[in-house]
Amino acid sequence: MSDVFNSRSPNDAARRWVVCLCADWCGTCRDYRPVFDQVAAEHPGTSFIWLDIEDEDQAALVGELDIETFPTLLIADGARLRFAGPLLPHAGTLSRLLGALDKDGAVVTAADPALNALVQTLHQQISSG
């Protein structure tokens with residue numbers, strides 16, 4: 001297992017987390033990394049995780065989920081999925097999405113069993129620190 005979850009605390013199990021599903025070969029993902037880190041610094045109450053789905057250690061977490069567009073983001077409150085999909089790699093877009101999710105209590109019901117499995121796996125990883 002990589003160190004992707006090593007800086008988590010026990011309280012992270014219930015709080016919001018944002019995962020960027022990316023690939024190192026993707027130029028857009030590489031360009032997005034500093035933007036993602038900037039937004040993470042602006043939201044200290046949220047766990048931000050960069051997950052390279054083609055990294056040998058991290059790819060196992062993704063399982064059967066087929067990612068077609070990079071970067072793809074998952075946002076959840078604990079084990080409750082709030083957003084899943086590609087997102088333009090702009091700090092303002094991600095910040096506005098996070099703000100909208102604060103105001104809207106809706107939870108996404110994912111039809112894709114692989115996506116549900118990934119959310120549960122990530123939640124367990126975050127919970128176990």
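**A walk through the predicted model**

Tyr32, Phe36, Phe48 and Trp50 make up one aromatic cluster. The model in which this cluster appears is a predicted one. Helix H1 spans residues 27–42, and strand E2 spans residues 47–52.

A search of the whole structure gives five aromatic pairs. One of them joins Trp25 and Phe70, whose ring centres are 5.4 Å apart and whose planes meet at 85°, an edge-to-face arrangement. Trp25 sits in the loop between strand E1 (16–22) and helix H1, while Phe70 sits in the loop between helix H2 (56–62) and strand E3 (72–77), so this pair ties together parts of the chain that are 45 residues apart in sequence. Are the two partners buried or exposed? Trp25 has a relative accessibility of 52% and counts as exposed. Phe70, at 18%, counts as buried, because the limit for buried is under 20%.

The next topic is the sheet. Strands of a sheet pair through backbone hydrogen bonds, and the pairing can be parallel or antiparallel. Here four strands form an open sheet, in the order E2-E1-E3-E4, and the pairing is mixed. E2 and E4 are the edge strands, each pairing on one side only. From one strand to the next, the twist averages 15°.

Two of the pairings can be followed in detail. E1 and E2 run parallel and are joined by six bridges. Across this pairing, Cys22 stands opposite Asp52 of E2. E3 and E4 (residues 80–86) run antiparallel, and six bridges join them as well. Within that pair of strands, Leu73 has Gly85 in E4 as its bridge partner. E3 and E4 form a hairpin with two residues between them, and Gly78 in the turn has a positive phi of about 60°. In a regular strand, side chains alternate between the two faces of the sheet.

Helices pack against this sheet. H1 lies across E1, E2 and E3, and runs at about 165° to E2. Helix H4 (residues 113–128) also packs on the sheet, where it touches E1, E2, E3 and E4, and its direction makes about 120° with that of E1.

One residue of H1 is worth locating. Pro34 lies in this helix and is exposed, with a relative accessible area of 54%. Its C-alpha atom is 9.5 Å from that of Ala91, although the two residues are 57 apart along the chain.

The last topic is the cysteines. How many disulfides does the structure hold? The number is zero. For Cys20, the nearest cysteine sulfur is that of Cys22, at 4.9 Å, and Cys20 is in no disulfide. Cys20 is buried, with a relative accessible area of 0%. For Cys29, the nearest cysteine sulfur belongs to Cys26 and is 3.3 Å away, and Cys29 is likewise in no disulfide. Why do these distances not count? A disulfide needs two cysteine sulfur atoms within 2.5 Å, so a separation of 3.3 Å does not qualify. Cys29, at 1% relative accessibility, also counts as buried.

Note on methods:
Residues are numbered from 1 along each chain as its sequence is written. This is a predicted model: local features need pLDDT of at least 70, side-chain atom pairs count only at pLDDT 80 or more; totals for chains, interfaces and linings use all residues. Side-chain values use heavy atoms; hydrogens and water are left out. Rings of Phe, Tyr and Trp (its six-membered ring) pair if their centres lie within 6.5 Å; planes under 30 degrees apart count as stacked, over 60 as edge-to-face and the rest as tilted. Buried means under 20% relative accessible area, exposed over 50%, partly exposed in between (1.4 Å probe, protein chains only). Two strands pair if DSSP finds at least two bridges between them. Axes are lines fitted to C-alpha atoms, for helices over the stretch in contact, and angles run from 0 to 180 degrees between N-to-C directions. Contact means heavy atoms within 4.5 Å.
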